Amino acid sequence: MAEIQLTLSLSEDEVQLRDLVREVVKKEVIPVRMELDEKNEYPRNVLNKFREAGLFGALFGEEYGGLGLGVMGNIIMAEEISYGCLGVNTAVLATKLGALPIEVGGTKEQKEKWLPPLATGEKMAAFGLTEPGAGSDVPALATTAVKKGDRYILNGTKQWISGAGQSDFYTVFAMTNKDRGTRGVSCFIVEKNSKGFSVGKKEDKLGIRCSETRSLIFEDCEVPVENLVGGVENSGFLYGLKTLNFSRPAVAAAAVGLSQGAMDAAVQYSREREQFGVKICSFQAIQHMLADMAMKIEAGRLLTYKSARLCEIGHKDMAKYSAIAKCFAADSAMAIATDALQIFGGYGYVKEYPVEKYFRDAKILQIYEGTSQVQKNEIAAGLIKEAASKR
Ligand SMILES: Cc1cc2nc3c(=O)[nH]c(=O)nc-3n(C[C@H](O)[C@H](O)[C@H](O)COP(=O)(O)OP(=O)(O)OC[C@H]3O[C@@H](n4cnc5c(N)ncnc54)[C@H](O)[C@@H]3O)c2cc1C
């Protein structure tokens, strides 16, 4: 990477946001997280507290009524909320994921219409890319959109959509020209009450149980032509890629937040639990597990901040660095949550302590917004491209 100056610490505004989110999470998220998880319940009341504190603004630019903190606003939100509950974080950040295709590809009018109500939290959005037969293999999309007068007619199904059933509108990717493959994909804004649109059953998940996940079903669904993102057909695949470049650092941040929560719980427990007449934190085996966690968290946080700052300046290698941060932090979170549970022994295996939930929640970080294997494909593709351009 060419030499550039990057700030890897937080500015005053960023510290202020972090402290505010931390306070709200401590008061409103941590006390209810287990109940939400057990009941598989969408965190409506918690989201209202976020709205009241103006926190949805941290995800958007000032021109749309947000706080204008750039990608770092998302990073801070994701890390702090996930310290408390990754499910709540997914419910909150799903709206940003749904907004991003409009931010990266929308016309001025579309941005002015759809983004301000998201910045206040008055409305929620969600992102519909994955399909039953097209997960990692995004080019295999089968949902179609055919223009008919002043409408597009959408047919198909989207799978595993976070926020489905709770969102006011969806950014949905569909083929407008099947013969052109990825160059034939367009993106549409579909409102929840559109004719021919419905959602599937609520999924009963291993983790992040309070974040609602459902399919989106389009049966001759009618979408006005003005809801074609960017106003031109066949540019949607690019908007999808750009969206993921900007959002993966926030998944990395969520992984760092969850990891910090799991480590803090493990350190605390190791100082209280006694075996063989001593605190278990005096065993070197336990200390080394804690040290490994701390190293991974520090490295993951630095990679996350770096990828976010590169996204903010639109750096040419941002896709590679977003993938590096997401993959490293997600894999670390799974390892850290596993070791944290180990430190709790049998007590970690039941719901009395939070590590059982951190462990179940962590797994999704290696799956959504591209699996860890797909991130490695992206990183390697970046390396190979860079090597070719040096010749
Ligand atoms: C709880 C949850 C929430 C989600 N939220 C959303 C959302 O809001 N919006 C949305 O659009 N999607 C969402 N997703 C979908 C998610 O992004 C996909 O599940 C993910 O991209 C993987 O796709 P897949 O499940 O079809 O797995 P597959 O693509 O079938 O992968 C199966 C396995 O094969 C591996 N694999 C596949 N291709 C390759 C390859 N080329 N090289 C190496 N290994 C490979 C994968 O890494 C994985 O291990 C969500 C998923 C879940 C579970």
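Trainee: How do the residues of the shell around the ligand divide into nonpolar, polar and charged?
Mentor: This is a predicted model, in which local features need pLDDT of at least 70 and side-chain atom pairs count only at pLDDT 80 or more, while totals for chains, interfaces and linings use all residues. Residues are numbered from 1 along each chain as its sequence is written. Ala, Val, Leu, Ile, Met, Phe, Trp, Tyr, Cys and Pro count as nonpolar, Asp, Glu, Lys and Arg as charged, and the others, Gly among them, as polar. On that basis the shell comprises 11 nonpolar, 10 polar and two charged residues.

Trainee: Which residues are the closest to the ligand?
Mentor: A residue belongs to the shell if its C-beta atom, placed from the backbone, lies within 6 Å of the ligand. The ligand is surrounded by 23 residues. The closest are Thr130, Gly135, Ser136, Trp160 and Thr371.

Trainee: Which elements give two or more residues to this shell?
Mentor: Helices (H or I, at least four residues) and strands (E, at least two) are DSSP runs, numbered from the N terminus. Two or more residues of the shell come from each of α5 (86–105), β1 (125–128), β3 (151–162) and α12 (372–390).

Trainee: From which domains does the shell draw at least three residues each?
Mentor: An automatic or database assignment gives the domain bounds. The protein is divided into domain 1 (12–119), domain 2 (125–235) and domain 3 (238–390). At least three shell residues come from each of domain 2 and domain 3.

Trainee: Which element gives the most to the side of domain 1 that touches domain 2?
Mentor: Residues are in contact if their C-beta atoms, placed from the backbone, lie within 7 Å. Between these domains, 24 residues of domain 1 are in contact with 21 residues of domain 2. The elements that give two or more residues to the domain 1 side are α2 (33–39), α5 and α6 (108–114). With 13 residues, the element that gives the most is α5.

Trainee: Which residues of helix α3 (residues 44–52) are buried?
Mentor: A residue is buried if 20 or more other C-beta atoms, placed from the backbone, lie within 10 Å of its own, exposed if 12 or fewer, and partly exposed in between. The face turned away from the buried side of α3 carries the exposed residues Arg44, Asn45, Asn48 and Glu52. The buried residues pack against α1 (12–29) and α5. They are Val46, Leu47 and Phe50.

Trainee: Within what arc do the buried residues of α3 fall, seen down its axis?
Mentor: The arc is that of the directions from the helix axis to the C-beta atoms. The buried residues of α3 line one face of the helix, because they fall within an arc of 100 degrees.

Trainee: Which residue in the hairpin of β2 and β3 takes a positive phi?
Mentor: Strands pair if DSSP finds at least two bridges between them. Strand β2 (residues 144–148) runs antiparallel to β3, and five bridges join the two. Val146 stands opposite Ile153 in β3. Two residues lie between the strands of the hairpin, and the residue with a positive phi, near 65 degrees, is Gly149.

Trainee: Is Phe276 buried or exposed?
Mentor: Most residues other than glycine have a negative phi. Phe276, which is not a glycine, has a positive phi of about 55 degrees. Phe276 is found in the loop between β8 (274–275) and β9 (278–279). With 7 other C-beta atoms within 10 Å, Phe276 is exposed.

Key: Two residues are in contact if their C-beta atoms, placed from the backbone, lie within 7 Å.
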